[in-house]
Amino acid sequence: MTTLDRDETRTPTVVRPVRSPLPLRVAVPVAVAAGLAMLVAFPPYGWWPLAAVGVAGLAAATHRRRLRAGAGLGFLTGVALFAPLLAWTNLHTGLLPWVLLSLLQAGYLAVLGAATAWVSPVVDRWRWAWPPVTGVLWVGQEALRDRTPFGGFPWGRLAFSQDSSPLLGWAWLGGAPLVTGVVAVVGGLLLVAVWRRWPGVRWQRVAGVVAGVVVLVAAGWLVPSGTGTGGRTVRVAIVQGNVPRLGLDFNAQRQAVLNNHVDATLRLAERVGSGVERRPDLVVWPENSSDIDPLRSAAAGARISQAADAIGAPILVGAVLAGPGDGEVRNAGILWRPGSGPDLAQVYVKRHPVPFAEYVPMRSLARAVSKQVDRVRADFVAGSTPGVVDAGAVVLGDVICFEVAYDGLVRDTVDGGAQLLVVQTNNATFDVAEARQQLAMVRLRAVEHGRAALMASTVGVSGFVAPDGRVSDATGFNTRAVVVRDVTLADGRTPATRAGRWPEVALTGLAVAALVVAGVLRRRREVTAAG
C-alpha cells in the first residue's frame, strides 16, 4: 500500500462549520442603535434599562465577526453614544475639541468591539458564558478608559447611567466597576434570550434569562445602604450664588461671582438672625466661588470673612490660589472660619486637574489643533493629599468637579475619615445635562461609601444626596439658591470601601482570562481545520 493509499483510508476529521455573524446590513444599524440606547440611559433622559439593551446590541453586532469589523462596529456605537453625551463640551470652545474627545472615547468602544468579536469562540462553546464574559469585558474597557491618556476620562461609564435604578445598590458591594459589570451581565442575558442561532428549547433559555435578571435586580434592590454606624446630624447650607452670564469668560466676572456668594450667605445670616432659619454648622460654596485669591487679596478675604462672621459658621470656599511657582495656580477648597479667617491646615488642592482645560500638556502641539488652549494662561498644579477637611462639627471628604468620576479620589477621603462627601463644582461653562450627569455620579458615590453627600455648584444643579442615593432639595440651573438641610453623618465603611480597587482588578483579570481562552480555542480551530 502506498503512502497515498494509507492517507486515503484515514477517518476524515469532522470540522464544525463556523456559524455566520449577523449580516452587515443588519449589524451596522444595530451598532448605532446600541449607542443611542445607552445614551438615553444617562441623565437628563434617565431611561436606565436601555443601558443593558445597548450592551446587548453591541455584543450581537460584533459576535463572530473579524477583529477589524468588530472594532469598526464598536466605533460606530461609541460615536453614537459619546458625541451627543459630550455635546456640552462644545458650547463655548467650538466643535473641534468636542469632536476629538468624542472620537477618542469612541476608540475605546472600538477596542471593546474587537475584544467582543475575539471571544466569540468562548461564547459559542459555552453559551451561558456570554453574560459574564460581556460583563468583565465592559469592566476591563472602562478600567483602561478611566486611566488613559493623561489620567483618563471616566465620563459615560455604564454605572453612571444607573442613578435611578435598583442596580445602583450593587455599588455598596463593589463600587462603580461592579455596577458596570452587573449592567453588562444583564445585557448579555438579554442577548442569550433573543439570539436565535443556537439549538435547543428556546422557552427554557428565556426562563433562565428572566430568572437571572430578576435575581440581579432584586439583589441590587435588597442591598443595604449606609454603614450602620454614626447617627449624629449636622446642619449644612449650600450656597449657589450663580454667575452674571454663562460661558468661558466667567473668570472675567470673578468679583461679581464672589459678591453673589457673599450676598447670598449674608441673606441667609439675616434669616438666621430673625429666627426664620436655624444656624447651620457648615456652609459650602462651590468651585470658583472666589477666583480672586483670598489669601493674597485683602479685599476678597475681607468679604469672605464678612460672610463667615455673619453666619457664625465655617465656610468651605472654592478658591483659585496663586502659586506655588510663577505662572502656576491651584484649584482649592479652603475652610474659612468665623472670627479667625482661613484655616491653612484645612486646605484641599485638586489632585486631578483636567488636561486641556486646567492645564495644557504638549501646549505647542495642542495649539496647532486649537488656539482655544491659550485660554488656559496658567497651568493648574495638582495637589498631593486626599481632600479630608476637618470643619469641627464634621469631617468632609472634598473632591472638586470632575474628580467625583474617579473611584480612588473619592475613596481616599473616606479612608481618611470623611463623614460627609462634598463635591464642589462649577458648571457655568456647560449646561444642565452635564450638571445632572455629574449629580448621578454623586448619587453613586453616596451609595458606594454609605455616606450622605452633597454637590455645590455655582449655577446648578446643587443638592443633597442620602446614603441610599435619593436626592433632596435639588436646585434649578442658572439660578441663585440657598438650601439648608440636616444630614446624618457616618463613620463606618461599606464592603465597597473596604474592597477598594480589588473588584475592578478581579473583573479585569477575568476579562484577560477570557481573551486568553478565546485565543486557545481559535488556535485549536485553526489546527483542526488545517488537519
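Helices (H or I, at least four residues) and strands (E, at least two) are DSSP runs, numbered from the N terminus. The structure is a predicted model, in which local features need pLDDT of at least 70 and side-chain atom pairs count only at pLDDT 80 or more, while totals for chains, interfaces and linings use all residues. Residues are numbered from 1 along each chain as its sequence is written, and side-chain values use heavy atoms, with hydrogens and water left out.

Empty space inside the protein was examined first. A cavity is a set of points, on a 1 Å grid over the protein atoms alone, where a 1.4 Å probe fits but cannot get out; lining residues have an atom within 4 Å of a point. Grid points are joined across faces, edges and corners, and a volume is the space filled by probe spheres set on the points. There are 3 cavities of 30 Å³ or more, and the largest has a volume of about 50 Å³. Its lining consists of Val55, Leu58, Ala59, Leu112, Thr116, Thr134, Leu137 and Trp138. At least two lining residues come from each of H3, helix H5 (95-118) and H7.

The strands were considered next. Two strands pair if DSSP finds at least two bridges between them. An open sheet with mixed pairing is formed by 6 strands in the order E7-E8-E9-E10-E11-E12. Strand E7 (388-390) and strand E12 (471-472) are the edge strands, each pairing on one side only. E7 and strand E8 (residues 395-400) are antiparallel and share 3 bridges; Leu396 in E8 is the bridge partner of Val389.

How values were computed. On a 1 Å grid over the protein atoms alone, a cavity is a set of points where a 1.4 Å probe fits but cannot get out, and a pocket is an open set with protein on both sides within 12 Å along at least five of seven lines; lining residues have an atom within 4 Å of a point.
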